[in-house]
Amino acid sequence: MNIVQACGVVAKGKGNAILVSTMLSMFIFDRIEGADGNASLVPTIGGMTGLVLGLGVAKAKSLVGIAPSAAAQVSAPGRINSVPLMGGAAGLGLGLALAKPKRKVIVMDGDASLLMELGSLATVAAQKPTNLLHCVVHNGTQFTGLDNMEIPVADFRFSKVAGEAGYKHSERISDGAQWAERFPALLAMEGPVFVELMVEPVPRQTKDGFEHEEMPDRQFTRMAEEALAMQAWLALDQT
């Protein structure tokens, strides 16, 4: 599956669940959800064609004002991004799940990020949050879509380790259609549930003469604003 399929299924099917994401997923959710949190118009089709089409529709939404491009916006209500807190998504999701046990919490982790704090699998399993769906985007690369550096252990079986750590259910999914079909049942399961999503890397951009655009400071400060927004959003939560 491609990354638009992986994130698009979550964006369309999460309902009122809390969403925690890492950097790559943050960029994709920003684009397909926009500030209105509505990804319904974005197609989730496999392959490079599906990736280009999905991102193209998302860009069109922003141009016509349906969903303002959110690279410079705080995320839609109910989402917080563990950026630049690399490795912290599982812990952040665990805390939210324990604090709001009647609300579903979805973590869209990254493979390089989870490897950085692999012990979080044991921590989550020990705490047994029944409302947590922990997904990892396994594309085998860091800085995906930029330089695509290989992660230290490309063939690491996250789903196997999560199961052995004590997650109530774990599985690996490679096909986008299967992911779309399985997602409602996985979200409804008693957790903690772990899903390893085998995702194709976004093509590498770097080559001779490549110059990276300067990254805005906001990319690294928005998490604090999102934390305050999440706090205010949860204060109104009656679940």
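Let me start with one pairing: serine 21 has methionine 108 in β3 as its bridge partner. This is a predicted model, so keep that in mind throughout.

Now the strands around that pairing. Strand β1, residues 18-21, runs parallel to β3, and 4 bridges join them. β3 also pairs with strand β4, residues 132-138. That pairing is parallel too, with 6 bridges. One example there: isoleucine 106 has leucine 133 in β4 as its bridge partner.

So how many residues of β3 are buried? The strand covers residues 105-110, and 6 of the 6 are buried, so β3 is largely enclosed by the rest of the structure. Look at the two faces. On one side sit Val105, Val107 and Asp109, and they are buried. On the other are Ile106, Met108 and Gly110, buried as well. Both faces are covered.

Next, helix α6, residues 120-127. Ser120, Leu121, Val124 and Ala125 are buried here. Viewed down the helix axis, the buried residues of α6 fall within an arc of 135°, so they line one face of the helix. What do they pack against? The partners are α4 (89-99), α5 (111-116), β4, α7 (158-165) and β8 (193-198). Note that β4 appears again: it pairs with β3, and it packs against α6. Right after α6 comes lysine 128, with a positive phi, near 55°.

On to the nonpolar cores. The largest has 32 residues. Which residues touch the most other members? Trp179 and Leu197 do. Several elements give two or more residues to this core: α1 (3-13), α2 (23-33), α3 (47-63), β3, β4, α8 (176-188) and β8. α1 gives the most, with 7 residues.

Stay with tryptophan 179 for a moment. Set aside its neighbours within four places in sequence. Tryptophan 179 is then in contact with Met1, Gln5, Ala6, Val9 and Val10, and also with Cys135, Ile173, Leu186, Val195 and Leu197. Apart from this core lies another one, of 23 residues. Ile80, Val136, Met230 and Leu234 are among them. As background, nonpolar side chains in soluble globular proteins tend to be buried together.

Now a contrasting residue. Where is arginine 204 found? It is in the loop between β8 and α9 (218-235). Is arginine 204 buried or exposed? Its relative accessibility is 54%, so arginine 204 counts as exposed. Along the chain, arginine 204 and methionine 149 are 55 residues apart. Their C-alpha atoms are separated by 9.3 Å.

Finally, the whole chain. The secondary structure comes to 9 helices and 8 strands. For 239 residues, a compact globule would have a radius of gyration near 18 Å; this chain has 17 Å, so the two agree. Along the principal axes, the C-alpha atoms fill a box of roughly 50 × 40 × 35 Å.

Of the 239 residues, 47% count as buried. The accessible surface comes to about 11100 Å², and 58% of that belongs to carbon and sulfur atoms. Then the contacts. Take those between residues at least 6 apart in sequence: 77% join residues at least 24 apart.

To wrap up, three places to look at on screen. β3, with both faces covered. α6, with its buried residues lining one face. And Trp179, which with Leu197 touches the most other members of the largest nonpolar core.

Conventions: Residues numbered from 1 in each chain as written. Predicted model: local features only at pLDDT ≥ 70, side-chain atom pairs only at ≥ 80, totals over all residues. Heavy atoms only, no water. Buried < 20%, exposed > 50% of the residue type's maximum accessible area, 1.4 Å probe, protein only. Pairing = 2+ DSSP bridges. Arc of directions from axis to C-beta. Contact = heavy atoms within 4.5 Å. Rg over C-alpha atoms; globule rule 2.2 N^0.38 Å. Areas by Shrake-Rupley, 256 points an atom, 1.4 Å probe, with all protein chains shown as cover. Core = buried A, V, L, I, M, F, W, Y, C linked by side-chain atoms within 4.5 Å.
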